[in-house]
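User: Hi! I have just opened this one and would like a friendly tour. Could you walk me through it?
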Amino acid sequence: MRRITIWLLSTVAALVLLFSYKTSTMGAGGETSAIASGSGGPAGSGSSWTGTDDGSDSSNGDTSNGGASNGGGTSSGSGSGTATGSVAQTRWGPVQVRITVSGGKITDVTVVQVPDGNHRDQEINDYAVPILRQEALAAQSARIDTVSGATVTSDGYRESLQSAIDAAHLK
């Protein structure tokens, strides 16, 4: 009887490790090659950038670091504009965020979509999303902590946030 109990507990422990392996190897920012490049998701789920590169838009000669959405890209990581992350498909539903960048810094993070299939999803989002936003603004990266009770949403948030950061060419 004791051997069966030990075998059963070790089997359960092995299964827990097996199923948690994927999320533990994705890193804090969810940086796998398919995710970081904004590919690998369904059509239309890639990341996008709308902004300027240091305000030096050659079409109007402006050098004021303003004009946030004229359609130009940035490679220097110090521009201004918005970047929408790819859709992170979680087991509870899609998660997607948009960042606002000014002077190469993340100044705002907004949720484009989160799981909302039931009342519990809404309760979790009402609690977790403001914490995730605050963490992202403080960290200026996708290396943010998981919100207790909202692990799946936190993982999706980090994944979409990382793809938005990549689209904005931030470091």
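Analyst: Happy to. This is a predicted model. Let's begin close to the end of the chain: H169 has a relative accessible area of 41%, so it counts as partly exposed.

User: Where does H169 sit, then?

Analyst: H169 belongs to the segment after α4. Its backbone also deserves a look, since the phi of H169 is near 60°, a positive value in a residue other than glycine.

User: What sign does phi have in most residues?

Analyst: Most residues other than glycine have a negative phi.

User: Which other residue has a positive phi?

Analyst: Q140 has one, with phi near 55°, and Q140 is not a glycine either. You will find Q140 in the loop between α3 and α4. Q140 is partly exposed, because its relative accessible area is 25%.

User: Let me zoom out. How many helices and strands does the protein have?

Analyst: There are four helices and five strands. Reading from the N terminus, the order is α-α-β-β-β-β-β-α-α.

User: And what share of the residues is buried?

Analyst: Of the 171 residues in the protein, 36% are buried. The protein exposes about 9,800 Å², and carbon and sulfur atoms supply 55% of that area.

User: What about contacts between residues far apart in sequence?

Analyst: Take the contacts with a separation of 6 or more: residues 24 or more positions apart account for 50% of them.

User: Back to α3 and α4. At what angle do they pack?

Analyst: Helix α3, residues 119-139, and helix α4, residues 151-167, pack at an angle of about 40°, and their axes are 10 Å apart. That angle makes α3 oblique to α4. The crossing of α3 past α4 is right-handed.

User: Which residues meet there?

Analyst: From α3 come I124, N125, L132, R133 and A136, and they meet T153, S154, Y157 and L161 of α4. The residues of this contact divide into five nonpolar, three polar and one charged.

User: Is D166 in α4 buried or partly exposed?

Analyst: D166 does lie in helix α4, and at 24% relative accessibility D166 counts as partly exposed. D166 also has a partner from far along the chain: D166 and G85 are 81 residues apart in sequence, while their C-alpha atoms are separated by 8.5 Å.

User: Switching to the strands, where is V112?

Analyst: V112 lies in strand β5, which covers residues 105-113. With 37% relative accessibility, V112 counts as partly exposed.

User: What does V112 touch?

Analyst: Leaving out residues up to four places away in sequence, V112 touches T84, Q96, V97 and R98. As for V95, V112 is 17 residues from V95 in sequence and 7.5 Å from V95 in space, C-alpha to C-alpha.

User: And V114, where is that one placed?

Analyst: V114 is in the loop between β5 and α3. Again leaving out residues up to four places away in sequence, V114 touches P94, V95, N125 and V129.

User: N125 came up before, didn't it? What was N125 part of?

Analyst: N125 is one of the α3 residues that meet α4, and N125 is also touched by V114.

User: How far is V114 from A88?

Analyst: The C-alpha atoms of V114 and A88 are separated by 9.4 Å, and the two residues are 26 residues apart along the chain.

User: Lovely, thanks for the tour!

Notes:
Residues numbered from 1 in each chain as written. Predicted model: local features only at pLDDT ≥ 70, side-chain atom pairs only at ≥ 80, totals over all residues. Heavy atoms only, no water. Axes fitted to C-alpha atoms, helices over the stretch in contact; angles between N-to-C directions. Helix = DSSP H or I, 4+ residues; strand = E, 2+ residues; numbered from the N terminus. Parallel < 35°, antiparallel > 145°, perpendicular 65-115°, else oblique. Left-handed = near helix turned anticlockwise from the far one by under 90°. Contact = heavy atoms within 4.5 Å. Nonpolar A, V, L, I, M, F, W, Y, C, P; charged D, E, K, R; others polar. Buried < 20%, exposed > 50% of the residue type's maximum accessible area, 1.4 Å probe, protein only. Areas by Shrake-Rupley, 256 points an atom, 1.4 Å probe, with all protein chains shown as cover.
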